[in-house]
Amino acid sequence: MPKLIVGAAILDDLRHPSKLLVARRSAPASLAGLWEFPGGKVEPGEKPEQAVHRELAEELGVRVVLGDELAAADPAGWPLLGNAVMRVWFTALQDGVPRPLEDHSELRWMPLTEGVALLELPWIPADLPIVAELLRVLGFESEN
Ligand SMILES: Nc1nc2c([nH]c(=O)n2[C@H]2C[C@H](O)[C@@H](COP(=O)(O)OP(=O)(O)OP(=O)(O)O)O2)c(=O)[nH]1
């Protein structure tokens, strides 16, 4: 079984999104400086949705509401490097102001109308198809 990771696509508004909150990793060295969806590993006995809430509380100090899952071609999730897959949920902030408390050096709200700029950030490479699909399902053109 691949290792299950969860990621949060944090939007300014679930129904009428205009911005996505992205996070720059500070560790480990191999990933430092790359952008990602906040999140992390699902712990034993934990539901993936619970893991999203836990990770966002730990990493950003926020509470969120979950929207739809950003479905991958494989229901197990989006393939990552190594034997891992990631399931991604749209979320919106419910409580708190996101701060890079753990694992991140920077957080940035990116306008969804600027799809090219979003895709041009130095993402963890496995995340690029996820970002492209996110733009597509939300109805934003990336022109790529
Ligand atoms: N959080 C996150 N991890 C990603 C993304 N894309 C991607 O390839 N990964 C990889 C990087 C890591 O190898 C793994 C997630 O591990 P992590 O280090 O964030 O998990 P964690 O917070 O539970 O970490 P820890 O308990 O081991 O410190 O998935 C992404 O967009 N978000």
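A residue is called buried here if 20 or more other C-beta atoms lie within 10 Å of its own, exposed if 12 or fewer, and partly exposed in between, with C-beta atoms placed from the backbone. By that yardstick, buried residues make up 32% of the 144 residues in the protein chain. Keep in mind that this is a predicted model: local features need pLDDT of at least 70, side-chain atom pairs count only at pLDDT 80 or more, and totals for chains, interfaces and linings use all residues. Numbering starts from 1 along each chain, as its sequence is written.

**Overall fold**

- The protein chain has three helices and eight strands, where helices (H or I, at least four residues) and strands (E, at least two) are DSSP runs numbered from the N terminus.
- Reading from the N terminus, the order of elements is β-β-β-β-α-β-β-β-β-α-α.
- The radius of gyration is 14 Å, which agrees with the value near 15 Å for a compact globule of 144 residues; the radius is taken over C-alpha atoms, and the globule rule is 2.2 Å times the number of residues to the power 0.38.
- Along the principal axes, the C-alpha atoms fill a box of roughly 40 × 30 × 30 Å.
- Of the contacts with a separation of 6 or more, 68% are between residues 24 or more positions apart; a contact means that two C-beta atoms, placed from the backbone, lie within 7 Å.

**What the record says**

- The UniProt annotation "domain: Nudix hydrolase", from an unreviewed entry, covers residues 1-133; UniProt positions are given in the numbering used here, feature names are shortened, and annotations may be inferred rather than shown by experiment.
- Over residues 1-133 the chain is 19% helix and 38% strand, with the end C-alpha atoms 25 Å apart.

**Around the ligand**

- The ligand is surrounded by 16 residues, and the closest are Glu36, Phe37, Gly39, Gly40 and Lys41; a residue counts as near if its C-beta atom, placed from the backbone, lies within 6 Å.
- Strand S1 (3-11), strand S4 (39-41) and strand S7 (84-95) are the elements that give two or more residues to this shell.
- S4 gives the most, with three residues.
- By type, the shell divides into nine nonpolar, three polar and four charged residues; Ala, Val, Leu, Ile, Met, Phe, Trp, Tyr, Cys and Pro count as nonpolar, Asp, Glu, Lys and Arg as charged, and the others, Gly among them, as polar.

**Helix H1**

- H1 covers residues 48-60, and its end C-alpha atoms are 18 Å apart, which agrees with the 18 Å that 13 residues should span at 1.5 Å a residue; the expected span is 1.5 Å times one less than the number of residues.
- Its buried residues are Ala51, Val52, His53, Glu55, Leu56, Glu59 and Leu60.
- As background, an α-helix has 3.6 residues a turn, so residues three or four places apart point the same way.
- The cover over the buried residues of H1 includes S1, S4, strand S5 (63-69), S7 and strand S8 (104-111).
- Ala57 also lies in H1, but this residue is partly exposed, because 15 other C-beta atoms lie within 10 Å.
- Leaving aside neighbours within four places in sequence, Ala57 is in contact with Val62 and Arg63.
- Just after H1 comes Gly61, with a positive phi near 70 degrees.

**Thr91 in S7**

- Thr91 lies in strand S7 and counts as buried because it has 25 C-beta neighbours inside 10 Å.
- Beyond its neighbours within four places in sequence, Thr91 is in contact with Ala8, Ala9, Ile10, Val52, Val64, Val65, Leu66 and Gly67.

**Loops and backbone oddities**

- Most residues other than glycine have a negative phi, and most peptide bonds are trans.
- Ala27 and Pro28 are joined by a cis peptide bond, with omega about -10 degrees; Pro28 is in the loop between strand S2 (19-25) and strand S3 (35-36).
- Asp103, in the loop between S7 and S8, has a positive phi near 75 degrees.
- Asp103 is buried because 21 other C-beta atoms lie within 10 Å.
- Asp127 is in the loop between helix H2 (115-120) and helix H3 (128-137), and counts as buried because it has 21 C-beta neighbours inside 10 Å.
- Outside four places in sequence, Asp127 is in contact with Glu36 and Phe37, two of the residues listed as closest to the ligand.
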